[in-house]
Amino acid sequence: MQNINEVLKKQNSAMPEKVLQFGEGNFLRAFADWMIDTLNQKGAFLGKVVVVQPIQFGMVELLNKQEGQYTLIARGTQNAQTVEERQVVTAISRGINPYVDCDAFMACADNADMRVVISNTTESGIAYDPNDKLSDRPQSSFPGKVTALLYRRFQTFKGDMSKGFIFIPCELIDRNGDNLKAIVLRLANEWALGSEFIAWLENANYFANTLVDRIVTGYPKDEIEALQKQLGYVDQALVTSEIFHLWVIELDQKVQH
């Protein structure tokens, strides 16, 4: 049986990379990436996602082998009837492991089309690490990587106020965006990155607080053989979820468009 990328031609590959995503796990692929893929199919977003592996070991290599493609199977009850929806998600353009290729990760800061940063680095991901340094390749913590990336972007675009990022964290902690911003500001001050950068960080970038809800059951190992026979291809990144989904985003009205 052929692999998914051998059977299915990648769709909309010419779209610009607009989203940087920290986290390649089941939840974001069955939630945020599925939503972006659906919007792309409707012509409402027309952008691709670059996935960054936030820790040293993950599944970026597997995703790249499948050219970012994978199948989502969503199951649940609607109008008192059991339903199942299947969708090949093609929103991801590529994955980066910054522990292997830090240059590729940092180069994302130079992309003028990049605007949104989504993350799900677990509940412990938004945490201050006093050992992080600007010179690290990469920094150990998620906020450390974000601070270094923002400083690179500030330098590349010479403080252009239109080139800030919109951060939409999905970590399950209270006021996740506020917490991420506070740590990034703390690191910027500790690393002595300058008052101009800190002003740009505060005024050109937006950190949303969010609430997410979708049960993602992940890779269906107990039924994968039967599913792949039905699909007609091997998909090692196949993911299953419930139908219901909720994404509440608290964000400054200036960027709610």
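1. A residue is called buried here when its relative accessible area is under 20%. In this predicted model, the buried residues of helix α7 are Asn-176, Gly-177, Leu-180, Ile-183, Val-184, Leu-185, Leu-187 and Ala-188. These buried residues pack against two helices and three strands by name: α6 (142-156), β7 (166-169), α8 (195-204), β8 (206-207) and β9 (209-213).

2. The length of α7 is as expected. The helix covers residues 176-190, which is 15 residues, and at 1.5 Å a residue it should span 21 Å. Its end C-alpha atoms lie 21 Å apart, so the expected span and the model agree. After α7 comes Ala-192, which has a positive phi, near 55°.

3. The partner to look at next is α8. The axes of α7 and α8 come within 10 Å and cross at roughly 170°. An angle over 145 degrees counts as roughly antiparallel, and the two helices are therefore roughly antiparallel to each other. On the α7 side the contact is made by Lys-181, Val-184, Leu-185, Ala-188 and Asn-189, and on the α8 side by Phe-197, Ile-198, Leu-201 and Glu-202. Sorted by class, this contact has six nonpolar residues, one polar residue and two charged residues. Val-184, Leu-185 and Ala-188 are also among the buried residues of α7.

4. The sheet is open and has six strands, in the order β5-β2-β1-β6-β7-β8, with parallel pairing. The edge positions belong to β5 (92-96) and β8; each has a single partner strand, so one side of each is left without a neighbour in the sheet. At the β5 edge, strand β2 (residues 48-52) runs parallel to β5 and is joined to β5 by four bridges. Within this pair, Val-50 stands opposite Arg-94 of β5.

5. Helix α6 packs on the sheet, where it touches β1 (17-22), β6 (116-119) and β7. The direction of α6 makes about 150° with that of β1. Helix α6 is also one of the elements against which the buried residues of α7 pack.

6. One loop residue deserves a comment. Met-161 sits in the loop between α6 and β7. Is Met-161 buried or exposed? Its relative accessibility is 46%, so Met-161 counts as partly exposed. Apart from neighbours within four places in sequence, Met-161 is in contact with Trp-200, Asn-203 and Ala-204. Met-161 and Trp-200 are 39 residues apart along the chain, while their C-alpha atoms are separated by 6.8 Å.

Definitions and conventions
Residues are numbered from 1 along each chain as its sequence is written. This is a predicted model: local features need pLDDT of at least 70, side-chain atom pairs count only at pLDDT 80 or more; totals for chains, interfaces and linings use all residues. Side-chain values use heavy atoms; hydrogens and water are left out. The expected span of a helix is 1.5 Å times one less than its number of residues. Buried means under 20% relative accessible area, exposed over 50%, partly exposed in between (1.4 Å probe, protein chains only). Contact means heavy atoms within 4.5 Å. Two strands pair if DSSP finds at least two bridges between them. Axes are lines fitted to C-alpha atoms, for helices over the stretch in contact, and angles run from 0 to 180 degrees between N-to-C directions. Angles under 35 degrees count as roughly parallel, over 145 as roughly antiparallel, 65 to 115 as roughly perpendicular and the rest as oblique. Ala, Val, Leu, Ile, Met, Phe, Trp, Tyr, Cys and Pro count as nonpolar, Asp, Glu, Lys and Arg as charged, and the others, Gly among them, as polar.
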